Amino acid sequence: MPSRVIAPTIGFITLIACFSLIANHFGVTVELPAALSFILLLAPYWAFGFGLNEWLRNHLRNKFLTPLLLLTAYLVFALPTGHFRWDMCLGMAALVLVISLLLQHADATSRATPDWHDWLVLALLGISVDLHFFDQAWPIAGFTGLSKLLFVDAGLYGYLVIRPIGGIGFDFRATLSDLGIGLREFLFYSPIAIALGFVLQFLHFHRTLSTPLAFAAGWLFTLFFVAMPEEIFFRGLMLNMLERRIGTNRALAFTSILFGLAHFNKRTQYFNWRYVMLAAIAGIFYGRAWLARRRLIASSITHAMVDTVWSIWLR
């Protein structure tokens, strides 16, 4: 095994062990088909963070159809458990293929310049995930979000392999600089969020004595399945591409507003304007963290800290 593969492999096995412990800690029972499906979707997500895209660009001949292999994760879960649905399977396959087709055509016509193909891809990904179109593909407690992970993999493949626009900053090899930037922006945002959140009666303090283990478990889960996916979409892709069109400041403001609006239906049946406002302000600080070194792990650290502290003590 090449030396450059050993560390990511050990890291992946360790990560799986950590998530297994987290599931046990929260009393989540995971059957084998669901576990295998999860691992199959987590593997490319992890591997892209260690440079898998470079190998794929150099060795793949048919880049267009390859992402259909992501559907294997659905089949491994759905067929043995009796949860297979043609509408879910064909819908996810069609979306993956449309994304690949759009990005393949865009790469042939406008290399590094974002165009309508890119905006349509972002719209398809964003609407499908935010409106939970495919949550019922994995209709068991704790796993309805796997469709989002599938589309994260498809988006990463699209923009790292088919149409490598550059500047995304997706890398799981975190540095001390990433940690420092992420914590700095968290500390900058916290007093604003706390003051405004209590004034708006959005935040409510809970006298909970969380253990370090519980905090670490919540933070790790949030980092991988909430913060990083949203940072890929809003900072690595949207802010990255808008900046090339309208400049850094306007792109940061516009992306932050859209990030806030993406939370309009959270914790409410209608329009949660308090959540939208605080999320939009948070988006500015997440964007600042990404812009500092163009590293998604930095903004994801900020994001995960905000969400974890909020969910434990201020929800």
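Visitor: Where is the place of Leu97?

Guide: Leu97 sits in helix H5, residues 86–109. A helix here is a DSSP run of H or I with at least four residues, and helices are numbered from the N terminus. Keep in mind that this is a predicted model, where local features need pLDDT of at least 70, side-chain atom pairs count only at pLDDT 80 or more, and totals for chains, interfaces and linings use all residues. Residues are numbered from 1 along each chain as its sequence is written, and side-chain values use heavy atoms, with hydrogens and water left out.

Visitor: Why is Leu97 called partly exposed?

Guide: Buried means under 20% relative accessible area and exposed means over 50%, with partly exposed in between (1.4 Å probe, protein chains only). Leu97 has a relative accessible area of 24%, so Leu97 is partly exposed.

Visitor: Leaving aside neighbours within four places in sequence, which residues is Leu97 in contact with?

Guide: Contact means heavy atoms within 4.5 Å. With those neighbours set aside, Leu97 is in contact with Phe64, Leu65 and Leu68.

Visitor: What makes the pattern of the protein what it is, read along the sequence?

Guide: Happily, this one is easy to read: the pattern is α-α-α-α-α-α-α-α-α-α-α-α. The protein has 12 helices and 0 strands.

Visitor: How do you know whether the radius of gyration agrees or disagrees with a compact globule?

Guide: The radius is taken over C-alpha atoms, and the globule rule is 2.2 Å times the number of residues to the power 0.38. For 315 residues a compact globule would come near 20 Å, and the protein has 19 Å, so the value agrees. Its C-alpha trace spans about 55 × 50 × 45 Å along the principal axes, and buried residues make up 49% of the 315 residues.

Visitor: What makes up the lining of the second largest pocket?

Guide: A pocket, on a 1 Å grid over the protein atoms alone, is an open set of points where a 1.4 Å probe fits, with protein on both sides within 12 Å along at least five of seven lines; lining residues have an atom within 4 Å of a point. The second largest pocket has a volume of about 410 Å³, counted as the space filled by probe spheres set on the points. Of its 14 lining residues, Arg4, Val5, Pro8, Phe50 and Leu52 are the closest to the centre. Helix H1 gives the most to this lining, with 5 residues.

Definitions and conventions. Helix = DSSP H or I, 4+ residues; strand = E, 2+ residues; numbered from the N terminus.
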